[in-house]
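Welcome! Take a moment to look over the sequence and the model below, and then we will walk through some of its parts together.

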Amino acid sequence: MTERISELLNEAVADVEPATVDPVGAVLRRGRSARRRSALIAAVVCAGLTLSGTVVGARLADGPGVGVAGAVPETPYVDGRTVVAGAVRLPIPDGWRAATSDQPCTDTSRTILIRVHDNERCGMSAVEIFSTPVTMAGGRVTNLGSHVIPGGVVAPPALITLQGGEPGWLERTAGREDVPHPAVSLALPWSQVKFLFRLDSAAAGEFIASMRSAPVGAGTLAVPRTAAIADLVISDASGGVRPEDIGRIRAPETIARLLRLLREQQDAVADAEACAGAAQATAEITIKAAESVPWGTEPSPVPGPSPAAAPRDTTVVVIALGGDCQEAVSSHGGRVRLSAETIAELKNVYGIGAR
Amino acid sequence: MNEAPDFAQFVTARYPALVRYGTLLTGDRGHGEDLTQESLVKTYRAWRRLSPDGDPEAYTRTVMARAAWRFGRRLWRGEIPAATLPDRTAAGDAYARHDTAEAVLAALRALPTGQRVVLVLRYWAGLSEGEIAAQLGCSTGTVKSRASRAIASLRRADGPLAEAFAHAETGSAR
């Protein structure tokens, strides 16, 4: 019976030939046409751009697949007066220069430094760019006495949206404005690159607001099929984490429930409609294939759509909470809009749904 | 940036096969090619992220299946292809194969979108129920029920494929 169905399906398309003589040209023309439409919408909605890089836009009706992040980190490079890092372009301000870390240091206070592997020169440049898998956002360690996650947790970052739609995880710096050597860290999980701004928040914000990213298209969250452990940490908009907002799950059925919940979210967010901003509270879910991955050594192999977990693989999902822009972004690709019910269900999975 | 030539090679090599896949997912040649091109636009945008170690064909097929699953005919603004079934001809005739193909596509078009996509993924792409569920972001129970209903519809005694199934069952009984 099943063989007959397969035969019939094969027979149905055996003689099907494309009508398009030049498929490459047809696809590229479609792409350019869609890009023009997106650019028009972006031009309209960019009026809502704030210093944090937030873009507010109308929703597009577009069909998503599972989001896909970069295959391997690519070394950033300089293209004229622009630094290209993954899908993001950072204009070099007048009076500044960009250099790689194997070049002589000059005026580090106005240098955008591209870190070259195995070279640690010019380590105090005002802006540094690291090409690296992003499996943790980095930030202030808090709740050292947590009974749920011994040793404390790293406060979740803010989820922001660069012009063009690329999501960024911005370390929260509230309460640290007056430190002698301010620094702001921005991780771009899809482009697999991190920026470190040894600047105050306002100056770092100007750099971030000037970044432009290339559209990658909407996709649902790429999460592994299985995992050994998954942590949830929720922070308010200033980075504060309450002890009761920390969760950890290990039971296979609970892990499966979490992954299913994330995978089933279908409201993929197109680049032009992404709206997450630094003023929102956030939740960070860290999903690990193995529990004993050493701190900071998690690789992030790029999966195909809906990947199976590989040993030592880690996936991070950051969710902007509250308001009418509740978005989740996976480090492995994909961004979806979440309902209040989904957030409640997420908390319920971790047993913190009653609050 | 040499991504365009690589992408062109990929499209040139795999476009006919992808159009056949799209035809089955939609039940229509034109819509199948439309779906293929729309999905390849997404592949093009993701190309730098997919190469050199990614699998652009798997990515494209996933985009196609999910687009067909989510949007069905809405993707094509409600346009429904005409279901013109040619007259039956004698078995072994050069036109018989064409007739069967048309009948199968008509039967696919008659199925609800979800049933059609699951049927194609299960019996043409050869995916397991679990793999289909993962690809479409639904439960295996949904996959099972849609596949079961699709088969039941195709086998209906008064359906367009009744004759094809009857031939198969007669043949297997011999």
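## Strands, helices and rings

Across from Leu170(A) stands Leu186(A), in strand β12(A). Before going on, a word on where this comes from: the model is predicted, local features need pLDDT of at least 70, side-chain atom pairs count only at pLDDT 80 or more, and totals for chains, interfaces and linings use all residues. Residues are numbered from 1 along each chain as its sequence is written, chains are lettered from A and ligands numbered from 1 in the order in which they are written, and side-chain values use heavy atoms, with hydrogens and water left out.

A few terms will help. Helices (H or I, at least four residues) and strands (E, at least two) are DSSP runs, numbered from the N terminus. Two strands pair if DSSP finds at least two bridges between them. Buried means under 20% relative accessible area, with a 1.4 Å probe and protein chains only.

**Around β11 of chain A.** Strand β11(A) covers residues 167-170, and both of its faces are covered. Pro167(A) and Trp169(A) are buried on one side, Gly168(A) and Leu170(A) on the other. In a regular strand the side chains alternate between the two faces of the sheet. With β12(A) (residues 184-188), β11(A) shares two bridges and runs antiparallel. Strand β10(A) (residues 158-161) is also antiparallel to β11(A), joined by four bridges, and Leu159(A) has Trp169(A) as its bridge partner. Five residues lie between β10(A) and β11(A) in this hairpin, and Gly164(A) in the turn has a positive phi of about 100 degrees.

**Two open sheets in chain A.** Here they are side by side:

| Strand order | Pairing | Edge strands |
|---|---|---|
| β2-β3-β4-β14 (chain A) | antiparallel | β2 (77-79) and β14 (212-213) of chain A |
| β17-β16-β18-β19-β20-β21 (chain A) | antiparallel | β17 and β21 (335-337) of chain A |

In the four-strand sheet, β4(A) (residues 88-91) and β14(A) pair over two bridges, with Arg89(A) and Arg212(A) as bridge partners. Helix α3(A) (residues 201-210) packs on this sheet, touching β4 and β14 of chain A, and its direction makes about 125 degrees with that of β4(A). Such angles run from 0 to 180 degrees between N-to-C directions, using lines fitted to C-alpha atoms, for helices over the stretch in contact.

In the six-strand sheet, neighbouring strands are turned by 15 degrees against each other on average, direction ignored. Four bridges connect β16(A) and β17(A), and Val233(A) stands opposite Ile246(A).

**Helices on the six-strand sheet.** Which strands does α4(A) lie across? They are β16, β17, β18 and β19 of chain A, and the helix runs at about 125 degrees to β18(A). Helix α5(A) lies across β16, β17, β18 and β19 of chain A too, at about 130 degrees to β19(A). The buried residues of α4(A) include Thr254(A), Ile255(A) and Leu258(A). An α-helix has 3.6 residues a turn, so residues three or four places apart point the same way. Among the partners packed against the buried residues of α4(A) are α5 (340-349) of chain A and α7 (129-136) of chain B, where contact means heavy atoms within 4.5 Å.

**Over to chain B.** This chain has nine helices and zero strands. Of its 174 residues, 51% count as buried. One of them is Val19(B) in helix α1 of chain B, buried at 1% relative accessibility. Leaving aside residues up to four places away in sequence, Val19(B) touches Val16(A), Pro18(A), Gly32(B), Glu33(B) and Thr36(B). Leu154(B), in helix α8(B) (residues 140-155), is buried with a relative accessible area of 6%.

**Aromatic rings.** How many aromatic pairs does the structure hold over all chains? There are seven; rings of Phe, Tyr and Trp (its six-membered ring) pair if their centres lie within 6.5 Å, and planes over 60 degrees apart count as edge-to-face, under 30 as stacked and the rest as tilted. Phe7(B) and Trp47(B) have ring centres 5.4 Å apart and planes at 80 degrees, so this pair is edge-to-face. Phe7(B) sits in helix α1(B) (residues 3-26) and Trp47(B) in helix α3(B) (residues 47-50), 40 residues apart. Both Phe7(B) and Trp47(B) are buried. In chain A, Trp96(A), Phe195(A), Phe197(A) and Phe207(A) form one aromatic cluster.

Notes:
Buried means under 20% relative accessible area, exposed over 50%, partly exposed in between (1.4 Å probe, protein chains only).
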